[in-house]
Amino acid sequence: MSNAIGLVPLLPLLSSLLLMIFGARMTRPMITLLGVGSVGAAALATAALAMEFMANPQPIEITLWTWMKVANLTSGVAFYVDGLTLVMMSVITGVGFLIHLFSSEFMHQDASYARYFAYLNMFVCAMLVLVLADNLLLLYLGWEGVGVCSYLLVGFWYTDRANGRAARKAFIVTRIGDTAMALGLLLLFTELGTLDIQSMVGAANAKWQVGDSLPTLACLLLLAGAAGKSAQLPLHTWLPDAMAGPTPVSALIHAATMVTAGVYLIARTHGLFLLSPTAMTTVAIVGIATSLLAAVTALMQSDIKRILAYSTISQIGYMFLALGVGAWTAGIFHLMTHAFFKALLFLGSGAIIHCLHHEHNIFKMGGLRSRMPVTFWSFMIGSAALAALPMTSGFFSKDQILLQAYQQASIGPWLWLAGLLGALLTAVYSFRLVFIVFFGNAKTEPDREIGWAMAIPLTILCALSMVGGYFALPLAQVFPTASADHPAHWVEIVSIGVPLVGLAIAYGLYLGRQLSAPSWTTGVTGQALREFWFSGWGIDRLYDGLLVRPYDRLAALFSSEPVDRFYSAIVDVNQTLHQWLSSTQSGRMRWYIASMVFGLIALLGIAFNIAPGAL
Amino acid sequence: MQELAVPLNHVLLVSSLLFCIGMLGLMMRRNIIFILMSLEVMLNASALAFIAAGAHWGQPDGQIMFMLILSVAAAEVAVGLGLVLQVQRRFKTLDMDNANRMRG
């Protein structure tokens, strides 16, 4: 079976290439069979691999071929499968398959059906290469591959300029992080002489002491790359705009898989991060700050997909917090449960958008509870898991993160408190969404029912969101064991209780109307604050003024080619002279004669003046 | 050396006067026949200068040059009149300003 590892990324790749070349001539059922089937087959292969791994939990290494060999750099197309890789592969192929299935109905009317599946399959392939890679160079290939696919899919409906702009923004902002990450790779290679992840971590531990500055620098560069891909502060601005793509794309790329690549990267190189407490603390602070900021912003949004986008940013912030406090297993666990419930929520919102004439504004929805029961229950379960209500999958993962954050040595209790605040906000905004969309009076009538290709993925993801918390991940060998100490009981009880309080607040504010917003929120300050939070703390405007517009102005300046002006002046002078002279070539003989005569007279006059005695 | 009945300076003056008249005609006339006539005048003006100079210094060269100029003038008239015929046929006019197709 281990020889078949290569098959897992190969199947989507082949299908993608076939769809690219022959897609235009295929019938829709064929495209569906190829696009959805290839990912389904990859999921089956992953399942078989997982069975084998469970029986004999040893990391599998397999080199397919040597990719490049330059001086002392040898980089192979080589895969490394351990528990962490398997978890990621299962999420990518499993959730990926469900989302492909959902897409086959969601995109059925679209003219570019084949192109859509070609991109989506290509994305799955790139993402699998990213998690399977045993060296950082191959990982970087997958990393860029998912970036390109994300660009193509965000701008899928490219005839609308705004979508193209969103795609460009997503690509350029992540590119800033990618550049930092490339610098990190170069630094690691020059210092350690290898990019192979396992031997690199070993070499780093042999060469550096805990707290050295070089590993801190390398880790911070990797963190910048991870922050770009995973939409963390200060590079998070692209994700809300990336919602311009089709909704299943948002579910697959911008919720379940690609945006968690940063979390995977840090978890994969955790041996390096353990050498640098500074970098670890930075990871935790970036995570919690992003989490809070995005949660507050999500509370203000009215576009259903933007709410979910900010919620994704916020939840990935929790994963970063987990990584930063050394709760590796909890971070990956949350990654998996988040993939389940956020894919569920995104697909649910896709179903709503599909049935409601592409309506995105939650205030124009309402009363959908009885009209779209499957979607309603999907949203209920998804939101419960997102809010970490007890017994849902999100509860188990988030609880672990909060408890381990509390035990962090230096600023643990503060991280815990901030995390609790985030959890409270999460519960409020997720149930605000549910209450506004599904309860109350109907404002827009759904014009169709969802079919089985949409209902089945929603149902399966519902089940996964409920029971995902009971999965035992095979991560014991991958990460150092977390301390078994438990904080005081009241910490646990408070952690469990806070989401329930959030639910109660949301109920009071948006459904039962027992609570009303304090009067100051409708005043001038409240209004200004709301607008500020609605715009995502003005960060987009800040970047626009600080970076985008100065750059545009500079580009406008240089597009008039100031250096070339000198050379074009020479050309202009020559052209003018040429026109003057060629106009003397009039074809009139009398003018020629006259000019010869006057020229002769002038020459003679000059000659007489210079040498009067000559004649 | 035999002295001329007319002083050399006077002959040269007439000669250059004739030359200038021819040149002005060349520049100002539009009719191609008049242009050819002006050319003739200029050629004969220079021929006159040669004759006078030859007579002044008692040299035969002046007369030889005159014979040369005469034959050149004859050849020129032969070619020139041929051109005149062509111009008349092509442009239906003898105005040289209309025959300016080689401009620019």
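What percentage of the 615 residues in chain A do buried residues make up? I began my notebook with this point, and the value I found is 54%. I note at the outset that the structure is a predicted model.

**Entry 1. Overall form of chain A**

I looked up the secondary structure of chain A and recorded 24 helices and two strands. I then took the extent of the chain along its principal axes: the C-alpha atoms fill a box of roughly 125 × 65 × 55 Å. Next I turned to the contacts in chain A with a separation of 6 or more, and noted that residues 24 or more positions apart account for 81% of them.

As a single example of distance I chose A:L44, which lies in helix α2 (residues 28-55) of chain A. I recorded A:L44 as exposed, because its relative accessibility is 63% and the cut-off for exposed is over 50%. From A:L44 to A:V571 I noted 68 Å in space, C-alpha to C-alpha, and 527 residues in sequence.

**Entry 2. Nonpolar cores**

I looked up the largest nonpolar core and found that it holds 178 residues. Which of its residues touch the most other members? They are A:L139 and A:I352. For A:L139 I listed the contacts, leaving aside neighbours within four places in sequence: A:L130, A:A133, A:M181, A:I197, A:Y264 and A:L265. I also recorded another core, of 19 residues, which lies apart from the largest one. Its members include A:Y318, A:L402, A:A405 and A:W416.

**Entry 3. A buried loop residue**

I next examined A:A231, which is found in the loop between α8 (213-229) and α9 of chain A. Is A:A231 buried or exposed? I recorded A:A231 as buried, because its relative accessible area is 0%. Not counting residues up to four places away in sequence, A:A231 touches A:H236, A:W238, A:L239, A:T290 and A:I313. I also noted the separation of A:A231 from A:V173: 9.2 Å between C-alpha atoms, with the two positions 58 residues apart along the chain.

**Entry 4. Salt bridges**

I wrote down a general point before turning to the pairs: side chains of opposite charge can pair when their charged atoms come close. A search of the whole structure gave nine salt bridges over all chains.

The pair I took up to begin with was A:E144 and A:R175, whose closest N and O atoms are 2.4 Å apart. A:E144 belongs to helix α5 (residues 136-154) and A:R175 to helix α6 (residues 161-192), so this salt bridge ties together parts of chain A that are 31 residues apart in sequence. I entered A:E144 as buried, because its relative accessibility is 18% and the cut-off for buried is under 20%. A:R175, at 29% relative accessibility, counts as partly exposed.

I then looked up the salt bridge of A:D241 with A:K169, for which the closest N and O atoms are 2.7 Å apart. This pair links distant parts of the chain, with A:D241 in helix α9 (residues 238-241), A:K169 in helix α6 and 72 residues separating them. I recorded A:D241 as partly exposed at 21% relative accessible area, and A:K169 as partly exposed at 22%. Which residues are linked in a network of salt bridges? I found A:K169, A:D241, A:R306 and A:D540 linked in this way.

One further pair is A:D544 and A:R549, whose side chains meet in a salt bridge of 3.2 Å, N to O. Here A:D544 is partly exposed at 28% relative accessible area, and A:R549 is partly exposed at 42%.

**Entry 5. The interface of chain A and chain B**

How many residues of chain A are in contact with chain B? I found 10 residues of chain A in contact with 13 residues of chain B. The area buried between the chains is about 1,100 Å², and carbon and sulfur atoms give 63% of it. A:M589, A:R590 and A:I593 supply 48% of the area that chain A buries against chain B, more than any other three residues.

Between chain A and chain B I recorded zero salt bridges, and two residue pairs in polar contact across the interface. Helix α24 (residues 589-610) of chain A gives the most to the side of chain A that touches chain B, with five residues. By class, I noted four nonpolar, four polar and two charged residues on that side of chain A.

How values were computed: Residues are numbered from 1 along each chain as its sequence is written. Chains are lettered from A and ligands numbered from 1 in the order in which they are written. This is a predicted model: local features need pLDDT of at least 70, side-chain atom pairs count only at pLDDT 80 or more; totals for chains, interfaces and linings use all residues. Side-chain values use heavy atoms; hydrogens and water are left out. Contact means heavy atoms within 4.5 Å. Buried area is the accessible area (1.4 Å probe) that two parts lose on being put together, summed over both. A salt bridge is a side-chain nitrogen of Lys or Arg within 4 Å of a carboxyl oxygen of Asp or Glu. A polar contact is a pair of N or O atoms within 3.5 Å; within protein, one must be able to donate a hydrogen and the other to accept it, and residues adjacent in sequence count only if both atoms are side-chain atoms. Helices (H or I, at least four residues) and strands (E, at least two) are DSSP runs, numbered from the N terminus. Ala, Val, Leu, Ile, Met, Phe, Trp, Tyr, Cys and Pro count as nonpolar, Asp, Glu, Lys and Arg as charged, and the others, Gly among them, as polar. A nonpolar core is a set of buried Ala, Val, Leu, Ile, Met, Phe, Trp, Tyr and Cys residues joined through side-chain atoms within 4.5 Å. Buried means under 20% relative accessible area, exposed over 50%, partly exposed in between (1.4 Å probe, protein chains only).
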